[in-house]
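Could you walk me through this structure, step by step? I am new to it and would like to ask a few questions.

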Amino acid sequence: MKKSHPFRRVMLASAATVSGIVLLLTLKPSSDPGSAQAAGALPQQTAPAQESAQGGASVKDGTFTGDTIQTQYGPVQVRVTVSGGKITKADALQAPKGGRSDQISGDAIPKLNKEAIASGTEGIDAVSGASYTSAGYGKSLQSALDKASAGPGATGGGGGAQAATVTGDTIQTQYGPVQVRVTVSGGKITKAEAVQQPKGGRSDQISGDAVPKLNKEAVAAGSANIDAISGASYTSAGYKKSLQSALDKVPAAEADKGKGAAPADPPAGSAAGAAAGSGAPQSGAAAGGATSDGGGTYTGAVVQTEYGPVQVRVTLTKGRITSASAVQAPKGGRSDQVSGDAIPKLNQEAVTVGDGDIDAVSGASYTSAGYKKSLQSALDQAGG
């Protein structure tokens, strides 16, 4: 009778198990979005930045700051540097913090930065244990790449300029965020859509009725000077602000083709209205974008502070800030007094210094910090 070899049987069984696992991994379908999401992968984007890697709109070299994305645990905002059509640097200007978020962000953000550089414009994988931060990072990264793909020089080889698609800032309203994306071709808005809109409960019905009308109105008007939809005043106001910020990012190559998009008047009593005239008169850039003298008007990202949002718009002439104003500033209660005192000083400081390296105003440290971040993001769009 042949003597059995238990050790040999164990080795053979182990080898068979390993071979089976390898075979299963080899046979895993590459086009199953369900399995990709189950594995923690963020869905790939279809915005122009990804198309650039596949022969669509070209990606401009420079440094671009993405929109501030609000997550369940705090804001996320990404800045990328593009060189030779590839991401060469990525970092998070904002990330969830406080309590356990410090540990999660400290672990996840470096990995996401590295992933952004490695994957380029193809989409990034979520970091295990940081799904909300990863999702926010992916959205802000995509909005930064949208700005890169929409930058000056986004033209085709046949002499005709390609359509520029740009995403506006996320505007927080009383009922939820609103964010608009537009496509501009030949100096005209050819498409408008809401990337984010209030939802849940009655907001679903209101947004479902109002947003298509606002999209249609934006295309018809060709600017942010659109009428509010009856019964949806908050959504309409948020839509207009995000639409204007998108138009501010439209490259000169497109804006100069038509009559341009006229900016909406700031609401009465708003920080923009209060700060108007604090800097030098705006010159040559009615709706944003670059001008022939190397300047232009650029709107920074919305920066959330402890007392409310801050957003800055600047006009540059020959590479220097000639006008600065706050599109948004903390308001209500004592914030009215603090903003009323600090914003004009910050505007003047920005013009005097000529860049984003400005000093904080005493007694308005949060507003000053938010102003400085938004100012820097505006300068990033200008390539400053």
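What follows is a short conversation about this predicted model.

Reader: How many helices and strands does the protein chain have?
Author: Happy to start there, with the protein chain and its 384 residues. Both kinds of element occur in it, and the count is eleven helices and 13 strands.

Reader: What percentage of the residues of the protein chain count as buried?
Author: A residue counts as buried when its relative accessible area is under 20%. The accessible surface of the protein chain comes to about 19000 Å², and carbon and sulfur atoms hold 53% of that area. Of the 384 residues, the buried share is 45%.

Reader: How far apart are the end C-alpha atoms of helix H10, and what span should its residues give?
Author: Helix H10 covers residues 334-353, which makes 20 residues. At 1.5 Å a residue, the expected span is 28 Å, and this agrees with the distance between the end C-alpha atoms, 28 Å.

Reader: Which residues of H10 are buried?
Author: A general point helps here. An α-helix has 3.6 residues a turn, so residues three or four places apart point the same way. In H10, the buried residues are Ser335, Val338, Ser339, Ala342, Ile343, Leu346, Asn347 and Ala350.

Reader: Is Gln348 buried or exposed?
Author: Gln348 is also part of helix H10. Exposed means over 50% relative accessible area. Gln348 has 51% relative accessibility, so it counts as exposed.

Reader: Which residue takes a positive phi just after H10?
Author: H10 spans residues 334-353. Just beyond that helix, a phi of about 85° is found, and the residue with this positive value is Gly354.

Reader: At what angle do the axes of H10 and helix H11 cross?
Author: H11 is made of residues 365-381, and its axis comes within 11 Å of the axis of H10. The crossing is right-handed, and its angle is roughly 40°.

Reader: How many residues of the contact of H10 with H11 are nonpolar, polar and charged?
Author: H10 brings Ile343, Leu346, Asn347 and Ala350 to the contact, while H11 brings Thr367, Ser368, Tyr371 and Leu375. Sorted by type, these residues come to five nonpolar, three polar and no charged.

Reader: How many residues of H5 are buried?
Author: Helix H5 runs over residues 131-149, and its end C-alpha atoms are 27 Å apart, in agreement with the expected 27 Å. This helix is mostly covered, and of its 19 residues the number buried is 15.

Technical notes:
Residues are numbered from 1 along each chain as its sequence is written. This is a predicted model: local features need pLDDT of at least 70, side-chain atom pairs count only at pLDDT 80 or more; totals for chains, interfaces and linings use all residues. Side-chain values use heavy atoms; hydrogens and water are left out. Helices (H or I, at least four residues) and strands (E, at least two) are DSSP runs, numbered from the N terminus. Buried means under 20% relative accessible area, exposed over 50%, partly exposed in between (1.4 Å probe, protein chains only). Accessible areas come from the Shrake-Rupley method with a 1.4 Å probe; for residues, only the protein chains shown count as cover. The expected span of a helix is 1.5 Å times one less than its number of residues. Axes are lines fitted to C-alpha atoms, for helices over the stretch in contact, and angles run from 0 to 180 degrees between N-to-C directions. A crossing is left-handed if the near helix is turned anticlockwise from the far one by less than a right angle, and right-handed if clockwise. Contact means heavy atoms within 4.5 Å. Ala, Val, Leu, Ile, Met, Phe, Trp, Tyr, Cys and Pro count as nonpolar, Asp, Glu, Lys and Arg as charged, and the others, Gly among them, as polar.
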